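Here is a short note for a colleague who is opening this structure for the first time. The points below may be read alongside the sequence and the model.

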Amino acid sequence: MQDIEYNGMTGSSIDVYAKDLISLPAASANMTEIKLSGRDGTLYKWDGTYEANEIKIEFNYIGPVERWHDRWRMAQIWLSAHNSTLKISDDADFFYKITHVTLDECSRTTQRIGNFTANFKTLDGLQYLVDGTREYDIKDVLWNQYLTCHPTYKITAEGMCTLTVNGNAMTANVGQNLTIDTDRMIAYRSDGTLNNTQVTGNYEDMYLLNGENEISFSGGKLKVIPNWRCL
């Protein structure tokens with residue numbers, strides 16, 4: 001049976017398992033349809049983003065008759081988290097970003113067995129590497145074999161620093177530490193204080209492209225969380 005981990009907790013920890021092998025939807029790019037007067041056919045423009053989709057998983061559980069309702073309550077609490085992550089046990093090196101989960105009714109097929117379906121709403125339909133959530137030195141993230149990714153840069157310094165990615169520069173006035181989150185397009189200190197005004201440059205220019213990248217940094221120490229992702 002496939003075990004499901006959601007919000008850092010496995011279904012097996014409450015004796016809830018995926019009922020069948022899980023079918024996964026393909027990621028789909030957001031495309032804008034463009035029709036030009038006097039030209040046959042239709043053009044499509046990709047804006048660099050991907051559509052949200054849904055992963056449907058059927059669950060079941062079996063246990064003592066007197067625990068049937070408790071198990072259903074525990075399952076609902078487990079799957080109530082928003083903006084969390086989903087891992088599937090036979091592909092545990094990857095995860096999906098989930099905005100929320102919807103549940104259908106829990107069918108009681110016997111006094112001991114419950115069945116229900118959970119619909120996991122993904123942020124973008126993409127798979128993210130667990131290894132991509134760790135901190136790396138610059139030299140370890142120059143090659144990106146995956147899709148264009150939105151890294152997080154963690155700076156330790158005092159004063160002005162310059163981060164250059166693929167010829168594009170971003171400057172930051174750092175007081176001890178600064179995190180540049182290119183996915184959320186914000187800069188903040190380790191205590192959570194926003195410091196957007198201390199950063200000059202475009203967050204999109206700091207993305208890591210597929211293939212070879214050039215990164216340089218001056219003025220302090222830099223660690224990179226690449227947030228590698230793939231279809």
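**Notes on the predicted model**

1. A loop residue to begin with: in this predicted model, Glu 105 is found in the loop that runs between strand 8 (94-103) and strand 9 (107-108). Glu 105 has a relative accessible area of 66% and is therefore exposed. Together with Asp 20, Glu 58 and Asp 104, Glu 105 forms a negative patch on the surface.

2. On the overall form, the protein contains one helix and 18 strands. Its radius of gyration is 22 Å, whereas the globule rule gives 17 Å for 231 residues, so the protein is more spread out than a compact globule. The C-alpha trace spans about 65 × 60 × 30 Å along the principal axes, and 39% of the 231 residues are buried.

3. A nonpolar patch also deserves attention, since Met 31, Tyr 44 and Trp 46 form one on the surface, with about 350 Å² of accessible area together. Of these residues, Met 31 belongs to strand 4 (residues 29-34) and, with a relative accessible area of 44%, is partly exposed.

4. Turning to charge pairs, side chains of opposite charge can pair when their charged atoms come close. How many salt bridges does a search of the whole structure find? The search finds 10 salt bridges, and one of the pairs is Glu 54 with Lys 121, whose closest N and O atoms are 2.1 Å apart. Because Glu 54 lies in strand 6 (residues 54-62) and Lys 121 in strand 10 (residues 113-129), this pair ties together parts that are 67 residues apart in sequence. Glu 54 is partly exposed at 32% relative accessibility, and Lys 121 is partly exposed at 23%.

5. Another salt bridge joins Lys 154 to Glu 135, with the closest N and O atoms 3.2 Å apart. This pair links distant parts of the chain, 19 residues apart, with Lys 154 placed in strand 12 (residues 152-165) and Glu 135 in the loop between strand 10 and strand 11 (143-144). Lys 154 has a relative accessible area of 32% and is partly exposed, while Glu 135 counts as partly exposed at 44% relative accessibility.

6. Two further sites complete the note. Lys 139 forms a salt bridge with Asp 140, and the closest N and O atoms are 3.2 Å apart; Lys 139 counts as exposed at 61% relative accessibility, whereas Asp 140 is partly exposed, with a relative accessible area of 36%. Elsewhere, a network of salt bridges links Arg 67, Asp 70 and Arg 73.

Conventions. Residues are numbered from 1 along each chain as its sequence is written. This is a predicted model: local features need pLDDT of at least 70, side-chain atom pairs count only at pLDDT 80 or more; totals for chains, interfaces and linings use all residues. Side-chain values use heavy atoms; hydrogens and water are left out. Patches are made of residues with over 30% relative accessible area and no salt bridge: like charges are joined within 9 Å, nonpolar side chains (Val, Leu, Ile, Met, Phe, Trp, Tyr) within 5 Å. Accessible areas come from the Shrake-Rupley method with a 1.4 Å probe; for residues, only the protein chains shown count as cover. A salt bridge is a side-chain nitrogen of Lys or Arg within 4 Å of a carboxyl oxygen of Asp or Glu. Lys and Arg count as positive and Asp and Glu as negative; His and the chain ends are not counted. The place of a charge is taken as NZ of Lys, CZ of Arg, CG of Asp or CD of Glu. Helices (H or I, at least four residues) and strands (E, at least two) are DSSP runs, numbered from the N terminus. Buried means under 20% relative accessible area, exposed over 50%, partly exposed in between (1.4 Å probe, protein chains only). The radius of gyration is taken over C-alpha atoms; the globule rule is 2.2 Å times the number of residues to the power 0.38.
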